[in-house]
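Good morning, and thank you for coming. I would like to introduce a structure that is new to this group.

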Amino acid sequence: PSSWLKTTLSYQFVRTDYRQDTRPAYDLVPLTVYSSGGSILAGKYDSHIYSVGASITPRRRWALSGTVSYQDSRVVTPSAGLVPPYKGEIYSAVAGGTYLLNATMDLSVNYSFSLADYSQASSPSSPPPLGIRYQQHAVQATLSRRFSKNVSARLQYGYYYYDEPSLANVNNYMVHSIFATLNYRLP
């Protein structure tokens, strides 16, 4: 709509076939061939991904961007009905901003979020519950400084949180990170 705002709207359809190579299966005495081997279809994956994004430059020193997406997917395996199709959804959001403090320094802040639910309902006649549920958050703040054409430095702080109740929280984590880098580019 204007020079300070750019938007995107997208849709993707992803389809993947998984194949597996097998060896021949047979008995020598008496010679009986059970399977000639070769490539078999192990599964099919289908996904629909919908997303919307925007980049905004409200002032000369500010740049903001964000994207929100929704994905529904399904995996089917040839199991003669023993394993139901594996279905689920992922909601994701990414947002970030950069502010130019002066001609040599800038500050960036980024946040990402993901929420997935691939848990499968079970009944007394179906297999045990399968699937995964999780939520993931990540925040990063970066201060960058350019000392000269060939020398720059960055200081970055990150906070990461992951919660996965579908596996009794054994994979959960909360992490803080600090990175400092000094870059020298050969002339």
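I shall speak about aromatic rings, then a surface patch, and finally one serine. Please keep in mind throughout that this is a predicted model.

Let us begin with the aromatic rings. The count of aromatic pairs comes to 7. One of them joins Tyr11 and Tyr50, whose ring centres are 5.1 Å apart and whose planes stand at 40 degrees, a tilted arrangement. This pair links distant parts of the chain, since Tyr11 belongs to strand E1, residues 5–22, and Tyr50 to strand E4, residues 38–56, with their positions 39 residues apart. Are these two tyrosines buried or exposed? Tyr11 has a relative accessibility of 43% and therefore counts as partly exposed. Tyr50, at 39%, is likewise classed as partly exposed.

Tyr50 also pairs with Tyr70. Here the centres lie 6.2 Å apart with the planes at 20 degrees, so this pair is stacked. Again distant parts of the chain are linked: Tyr50 in strand E4 and Tyr70 in strand E5, residues 62–76, are 20 residues apart. Tyr70 is partly exposed, with a relative accessibility of 22%; the class begins where buried ends, and buried means under 20%. Which residues make up the cluster around these rings? Tyr11, Tyr50, Tyr70 and Tyr91 form one aromatic cluster.

I turn now to the surface patch. Leu101, Leu107, Val109, Leu143, Leu155, Tyr157 and Ile178 together form a nonpolar patch on the surface, with about 590 Å² of accessible area. Two elements each give two or more residues to this patch, namely strand E7, residues 105–117, and strand E9, residues 151–163. Leu107 is one of the patch members, and its place is in strand E7. With a relative accessible area of 35%, Leu107 is partly exposed.

My last subject is Ser108, which also lies in strand E7. Is Ser108 buried or exposed? Its relative accessible area is 15%, and because buried means under 20%, Ser108 counts as buried. What does the side chain of Ser108 touch? Its polar contact is with the side chain of Thr98, at 3.2 Å. Leaving aside neighbours within four places in sequence, Ser108 is in contact with Gly97, Thr98, Gln140, Ala141 and Thr142.

To close, strand E7 holds both the partly exposed Leu107 and the buried Ser108. Thank you for your attention.

Key:
Residues numbered from 1 in each chain as written. Predicted model: local features only at pLDDT ≥ 70, side-chain atom pairs only at ≥ 80, totals over all residues. Heavy atoms only, no water. Patch = residues over 30% accessible without salt bridge, like charges linked within 9 Å, V, L, I, M, F, W, Y side chains within 5 Å. Areas by Shrake-Rupley, 256 points an atom, 1.4 Å probe, with all protein chains shown as cover. Salt bridge = Lys/Arg side-chain N within 4 Å of Asp/Glu carboxyl O. Helix = DSSP H or I, 4+ residues; strand = E, 2+ residues; numbered from the N terminus. Buried < 20%, exposed > 50% of the residue type's maximum accessible area, 1.4 Å probe, protein only. Phe/Tyr/Trp six-rings, centres within 6.5 Å; stacked < 30°, edge-to-face > 60°. Polar contact = N/O pair within 3.5 Å; in protein donor to acceptor, adjacent residues only side chain to side chain. Contact = heavy atoms within 4.5 Å.
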